[in-house]
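Work through the following exercises with the sequence and the coordinates open. Each task is followed by a solution in steps.

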Amino acid sequence: MAGIIGADNRFGRDFNRPDPDMQGNITALYDIGCVVGSIICYFVGERSGRRTMLIAGSSIMIVGAAILASSSTIAQLIVGRIVTGIGNGMNSSTAPVYLTECAPPSYRGALLTLQGTVTILGVVIAYWMDYGTSYTESSLQWRFPLAFQAVFAVLLVLQIIGLPETPRWLVQHDKYEEARAVTAALEDKDLNDPGVNSTILEIRVGLEEEQRGGPFRFKELFSMSETQNFRRLLIVISIQLGQQFTGSNMINYYAPVIFQKSMSLSRNMSLILGGAAQCTYLVGSAIPVLLMDRFGRRTLLMACTAGLCFCFVMVTILLSLGTTGPAYGATAFIFLFQLIYGIGWLPVPWFYPSEISTTRTRTKMQAIASGWNWMFVFVVVKITPISFDSIGWRTFVVFAVLNAAFIPMVYCFYPETKGITLEDIPLLFSKGGITGGVLTSKGGRTVVPHQHAREAHVNEKMGARRVEGVDEEGKVE
């Protein structure tokens with residue numbers, strides 16, 4: 001919506017030139033739809049499966065895009081935004097879980113980071129499409145960009161139809177043979193390869209340990225027992241807060257408006273710079289594909305946060321001077337902000353909740369993460385036009401201070417998950433203490449790769465099963 005809303009263009013004329021408050025409503029109510037989609041995933045995601053939820057979410061987005069493109073009133077536009085948001089909320093709650101459960105530990109971070117890069121590619125396409133259609137005076141100026149998002153939803157449906165369920169979901173629902181087939185395909189091994197059997201057995205052992213308490217109950221999320229789910233829940237929520245209150249969506253949603261009003265640039269130049277800033281964002285998002293599994297999640301988050309804080313401090317100083325030259329310098333730091341943000345705070349918060357959650361709670365934790373993320377987006381997007389209308393460039397001061405506060409939060413409480421298997425996840429906070437062992441562990445590594453397999457004696461159990469002639473479903477061959 002950034003290149004469509006908030007200007008005296010065809011969109012403004014068609015919808016009676018909405019004031020800053022209504023602009024915020026039109027933009028931010030999409031995020032409320034995303035929250036609703038995340039809540040839906042919380043209740044039905046585990047039962048329905050990852051593929052089903054992705055197909056359903058994409059189908060709902062197609063309906064929402066049709067409503068948006070045919071809008072004639074603000075009410076219809078808002079309904080379309082909410083419906084599209086519901087579909088996107090379902091997708092954003094499910095896609096990280098699907099990828100996390102399918103990706104091998106050695107390069108899981110790279111694959112999950114690549115998801116963010118592709119997402120930003122979509123943002124870049126949207127920005128430049130907004131700019132291209134701005135030259136027409138018909139309602140095509142805003143109808144075509146809003147309708148075009150359905151194309152990607154259709155492509156996602158077609159892609160998911162040909163993909164299998166995740167091995168962990170299949171094992172959890174007693175579909176062992178399907179799980180073996182999928183695992184063999186993912187690891188590019190023969191169906192009867194010992195490595196495939198070992199992977200399935202470790203998943204089963206981990207799930208059996210998690211399910212000893214019977215069916216999942218909501219109060220488990222607030223448990224501070226050995227697995228410390230409440231600690232995980234707090235991290236899941238806080239990392240979503242960190243992602244949004246760095247100030248990223250202030251830039252992503254309103255960059256052309258900020259360039260035009262705070263930096264006194266023309267509308268055309270503001271649109272060009274908005275699109276260029278997203279191209280910079282795309283470049284930044286590609287960098288951690290190579291760095292995530294080398295330096296880890298914590299290092300990139302903290303380095304990224306320090307850089308973002310510096311950028312907003314410089315923007316504040318330059319805009320406070322109130323002259324054109326320094327305003328151009330502030331624009332350069334906005335670009336640098338986009339580059340740095342893509343390295344850490346863009347990818348990690350989307351997949352970190354899936355990484356630190358146990359299989360028993362993963363779907364629900366990711367749905368909670370997605371819900372809170374979109375609520376925080378709603379807050380930022382809602383207050384941004386009002387804040388710039390009221391205090392102008394001082395808005396950057398608020399986000400600079402928040403970025404500074406996020407560095408100790410990550411350092412003290414966020415464990416490193418680089419390279420560990422998902423079956424190691426329940427052991428993350430076994431050291432206990434106020435920080436769960438994060439502060440006292442070198443690099444925040446509270447668990448080592450394959451620690452669960454060693455403690456559960458998976459290799460010994462595999463040997464015993466071969467001796468006894470027991471197959472993967474527990475039946476004598």
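**Exercise 1.** Place Arg-231 in its helix, decide whether Arg-231 is buried or exposed, and find the backbone oxygen beside its side chain.

Solution. In this predicted model, Arg-231 belongs to helix H10, which covers residues 229-244. Its relative accessibility is 10%; buried means under 20%, so Arg-231 counts as buried. A polar atom of the Arg-231 side chain lies 2.7 Å from the backbone oxygen of Ile-434. Beyond four places in sequence, the contacts of Arg-231 include Met-224, Phe-429 and Gly-433.

**Exercise 2.** Compare the span of H10 with the expected value, and state how many of its residues are buried.

Solution. H10 has 16 residues and spans 23 Å from first to last C-alpha, close to the expected 22 Å. Of the 16 residues, 13 are buried, and H10 is mostly covered.

**Exercise 3.** Which helices does the salt bridge between Arg-362 and Glu-101 link, and are the two residues buried or exposed?

Solution. The closest N and O atoms of Arg-362 and Glu-101 are 3.2 Å apart. Arg-362 is in helix H17 and Glu-101 in helix H4, 261 residues apart. With relative accessible area at 0%, Arg-362 is buried; Glu-101, at 2%, is buried too.

**Exercise 4.** Locate the partners of the salt bridge between Glu-355 and Arg-108.

Solution. Their closest N and O atoms are 2.7 Å apart. Glu-355 lies in helix H16 and Arg-108 in helix H5, 247 residues apart. Both Glu-355 and Arg-108 are buried.

Notes
Residues are numbered from 1 along each chain as its sequence is written. This is a predicted model: local features need pLDDT of at least 70, side-chain atom pairs count only at pLDDT 80 or more; totals for chains, interfaces and linings use all residues. Side-chain values use heavy atoms; hydrogens and water are left out. Helices (H or I, at least four residues) and strands (E, at least two) are DSSP runs, numbered from the N terminus. Buried means under 20% relative accessible area, exposed over 50%, partly exposed in between (1.4 Å probe, protein chains only). A polar contact is a pair of N or O atoms within 3.5 Å; within protein, one must be able to donate a hydrogen and the other to accept it, and residues adjacent in sequence count only if both atoms are side-chain atoms. Contact means heavy atoms within 4.5 Å. The expected span of a helix is 1.5 Å times one less than its number of residues. A salt bridge is a side-chain nitrogen of Lys or Arg within 4 Å of a carboxyl oxygen of Asp or Glu.
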